[in-house]
Amino acid sequence: MIWPFGQNVLFLQCHRFTFASETQDTMEEKYQSTEHCMDLGRLHDFIRQHGEAVDYQRGERLETEGEPARWCAFVERGQFKYVMRGISDGREHNTWFSLEGELVGAYPDMMEGRPSQATIQAMKVSRVVRISGEQLLQFFRQNTETMELRSLIAEHILRQFQIRSSLLLIADSHERYLALLRRCPGIVHDVPLKELASFIGVTRQMLSKIRKEITFEQIYPP
């Protein structure tokens, strides 16, 4: 997050959304407890019913930075990264990930009709079921419950923004990586080291050094 709709300012916490209709183990079930999850079962069902299945090869884009944000999708297989280019150096920086069992898309930009602030790119061969922004608006307009869900999603994104901003201001790279491991301990097995390093804001070599210094007690203090 992509939230799992991931925006460029969000910090990956694995506070994933759950899908009540799912029976198989999804990424959010592997990485965290359900106490922080939001039930998006109805939205998931809507996407499955009205969306189209699309396959993406590694490197193909769901959204492109600067172009109109178009899609809200459910990741059935694979994973995506959110990439923004540095203002002065033009380098790519990972700002979010959407993994299997999650939603992916430039949600705030799509809802406001703005260009996507990030490029959303498949990290491996992936399959999504996607709907357009207009279809998503149709879903939210169905009744008061779906409108309330829209508000809850907005509140969740704001909370993520606050946490991300705070960590960037008060935590060093070592502490940011520890925070990531505490919330998503399994992510290191699913996301390549160089992609995680970009997300934390360090070089691959520096992250390798940080990983060697971290102990189990630091991740899970008594």
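These legends describe close-up views of a predicted model.

**View 1. An open sheet of four strands.** The strand order is 3-10-5-8, and the pairing is antiparallel. Strand 3 (52–56) and strand 8 (103–104) stand at the edges. Each has a single partner strand, so one side of each is left without a neighbour in the sheet. Five bridges join strand 3 to strand 10 (residues 126–132) in the antiparallel sense. Look for E52, which stands opposite R130 in strand 10.

**View 2. Helices on the sheet.** Helix 2 (residues 41–50) lies across strand 3, strand 5, strand 8 and strand 10. Helix 2 runs at about 95 degrees to strand 10. Helix 4 (residues 133–140) also packs on the sheet, touching strand 5 and strand 10. The direction of helix 4 makes about 65 degrees with that of strand 10.

**View 3. Nonpolar cores.** The largest nonpolar core has 36 residues. I47, F80, V104, Y107, V128 and L136 touch the most other members. Strand 5 (residues 71–77) gives the most to this core, with five residues. Another core, of 20 residues, lies apart from it; L193, A197, I210 and I214 are among its members.

**View 4. Helix 5 from end to end.** Helix 5 (residues 144–170) has 27 residues. Its first and last C-alpha atoms are 39 Å apart, close to the 39 Å expected at 1.5 Å a residue. At its start, a side-chain oxygen of N143 comes to within 3.0 Å of the backbone nitrogen of E145. Its buried residues include L149, I153 and R164.

**View 5. Helix 6, mostly covered.** Eight of the 11 residues in helix 6 (residues 173–183) are buried. Among them are H174, Y177 and L181. At the start of helix 6, a side-chain oxygen of D172 reaches to within 3.2 Å of the backbone nitrogen of H174.

Terms used
Residues numbered from 1 in each chain as written. Predicted model: local features only at pLDDT ≥ 70, side-chain atom pairs only at ≥ 80, totals over all residues. Heavy atoms only, no water. Buried < 20%, exposed > 50% of the residue type's maximum accessible area, 1.4 Å probe, protein only. Helix = DSSP H or I, 4+ residues; strand = E, 2+ residues; numbered from the N terminus. Polar contact = N/O pair within 3.5 Å; in protein donor to acceptor, adjacent residues only side chain to side chain. Expected span 1.5 Å × (residues − 1). Core = buried A, V, L, I, M, F, W, Y, C linked by side-chain atoms within 4.5 Å. Pairing = 2+ DSSP bridges. Contact = heavy atoms within 4.5 Å. Axes fitted to C-alpha atoms, helices over the stretch in contact; angles between N-to-C directions.
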